[in-house]
Amino acid sequence: MTTLATPPARSDLRGVARNGALGLVGAAVAALGGFILTTVVARGLGATGAGRFFQAVALFSMVSSVAACGADTGLVRALSQARARRRRRELGRTVLVALLPVLCCGVAAAAVMALLAGPLARSVLHVPGSVNLVRALAAFVALGSVGTVLLQGTRGLGSVAPYVAVQNVAIPALRPLLIGALLAFGVGATGVTVAWGGLLVPATLAGGALLIRALRRVRPADDPLPRPWSAIASEFWRFAGLRGLAAIVDVTLLWFDVLLVGALRTPREAGIYAAASRFITTGTLVMQAMRLGTAPQISDLVTRREYDRTETIYKTSTQWIVASSWPLYLALAAGGPFVLQLFGPSFTAGADALAILALAMLVNLATGNVETVLLMSGCSRYILTNKLVAIALNITLNLLLVPHHGIVGAALAWAASIVLDNVAAALEVRWLLCFRGYGRGTVAAAVSAAVCFGGLGLVFRTFVGAGAGPVFGYLALAVPIYAGLLWHFRAELNLDELRHLLPTRSRGRHRR
């Protein structure tokens with residue numbers, strides 16, 4: 001049995017595999033760092049203290065996302081398009097066109113956040129004692145937005161390594177170490193919050209240095225003279241502006257329910273829900289890795305109108321995402337009580353919320369990096385529409401469900417918005433761009449994971465329990481069976497392309 005991929009498509013998939021593998025390492029470190037950080041904060045500050053900390057981080061994430069104005073994603077697309085169109089003399093101008101408005105917006109947003117820290121702590125966080133946390137994080141808003149744009153720019157120039165090294169490895173690895181040390185010496189929530197934001201200073205400086213070095217390595221050769229600044233700015237911000245609005249909605253969907261649980265219920269419940277829901281975001285490590293590897297490549301191919309190769313990348317990366325990530329979320333749904341107990345006994349109250357969100361994420365994974373395809377194809381307005389409808393549904397359901405059902409209601413609201421957002425984007429890619437993100441490999445991986453990890457997990461949880469013994473026993477049975485099924489379907493999943501990640505000598509032994 002052979003794949004239908006053409007030789008150029010094979011080369012594309014090997015590039016996706018290489019970049020995806022590097023991104024996967026970074027995403028794994030980021031996920032582990034996020035888990036350790038959540039554990040350290042939860043155990044060091046308790047459920048109530050952790051709730052206040054994560055609410056302040058949620059507010060910071062929303063404000064810094066607003067200040068980024070969509071320039072992070074816009075720069076990935078603009079720089080990769082400039083290279084594909086042989087307009088490499090415009091790269092420096094494009095970076096400045098992206099950065100200067102972000103810097104101004106970041107400074108303005110930081111000033112507003114600092115001035116309104118008291119009202120925000122009382123009305124948004126509903127915790128007057130959090131005013132110092134809000135003021136501490138306000139100082140880092142501009143750095144957060146500018147640093148993100150700088151690091152994303154290195155991706156647009158063809159390499160994911162700088163972004164992975166700083167954003168996915170250095171910061172997630174250092175944060176729990178620094179915060180854990182501070183908590184061990186008795187530093188309170190304000191000091192921990194300053195430490196969390198303070199790491200953005202070296203990260204932003206590193207991002208600037210790495211982007212400058214990448215720009216210097218580009219050789220314009222015989223490219224035409226750059227267009228006027230106004231033309232570059234107009235093209236860039238027509239795309240980035242819409243993406244910026246969608247990003248604001250996206251980060252609101254990610255953090256709004258944490259704020260609302262704290263406002264309508266208690267900070268303690270907000271802390272439990274934040275710990276449970278962070279598993280959902282850190283579990284998308286393979287999807288994040290594929291996004292890092294495919295976004296510039298898709299933008300390049302779409303610019304050159306090579307749509308068959310674009311669809312092959314989208315479909316194959318979706319298969320790899322489902323094959324690798326569905327087992328994780330099905331295991332989280334089955335073993336939620338055991339996993340959450342790692343944060344402390346009180347956090348097991350979030351097990352039902354974790355199961356609901358884990359099942360919703362199966363839909364997200366099954367559509368792959370569908371938003372990346374839309375974005376890199378210039379369809380940011382459709383993403384914005386999807387996000388606006390999703391957040392309207394999210395807010396409505398949160399207001400209806402959270403007062404009476406607490407964190408379970410918040411989980412149901414977010415799950416509904418996840419499903420709506422991703423299904424709408426998948427339909428748009430199918431109807432507008434005529435790309436299919438699924439194939440026989442996707443179905444094979446999904447069914448295999450559902451049987452091995454979903455079915456077995458349900459049986460063990462129902463008849464044996466969700467303690468450490470049953471969870472490890474169920475995984476010991478599910479993993480080898482699933483591995484055998486993946487080997488059986490390796491042709492449909494294009495798994496042979498992953499052999500090129502092995503060292504040359506190992507590949508030679510494999511061929512012999």
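A salt bridge here is a side-chain nitrogen of Lys or Arg within 4 Å of a carboxyl oxygen of Asp or Glu. With that in hand, look at Glu90 and Arg87: their side chains meet in a salt bridge, 3.2 Å from N to O. Keep in mind that this is a predicted model.

How exposed are these two partners? Glu90 has a relative accessibility of 3%, so it counts as buried, the cut-off being under 20%. Arg87 is partly exposed, at 27% relative accessible area.

Now follow the charges outward. Glu90 and Arg87 belong to a network of salt bridges that also links Arg85, Arg227 and Glu235. Within that group, Glu235 pairs with Arg85, and their closest N and O atoms are 3.1 Å apart. This pair ties together distant parts of the chain, 150 residues apart: Glu235 sits in helix 10 (residues 229-264), while Arg85 lies in the loop between helix 2 (71-84) and helix 3 (91-115). Both ends are partly exposed, with a relative accessible area of 24% for Glu235 and 41% for Arg85.

Elsewhere, have a look at Arg304 and Glu306. They form a salt bridge too, with the closest N and O atoms 2.6 Å apart. Arg304 is partly exposed at 40% relative accessible area, and Glu306 is partly exposed at 23%.

Why do such pairs turn up? Side chains of opposite charge can pair when their charged atoms come close. And how many salt bridges does a search of the whole structure find? It finds nine, among them the Glu235 and Arg85 pair.

Conventions
Residues are numbered from 1 along each chain as its sequence is written. This is a predicted model: local features need pLDDT of at least 70, side-chain atom pairs count only at pLDDT 80 or more; totals for chains, interfaces and linings use all residues. Side-chain values use heavy atoms; hydrogens and water are left out. Helices (H or I, at least four residues) and strands (E, at least two) are DSSP runs, numbered from the N terminus. Buried means under 20% relative accessible area, exposed over 50%, partly exposed in between (1.4 Å probe, protein chains only).
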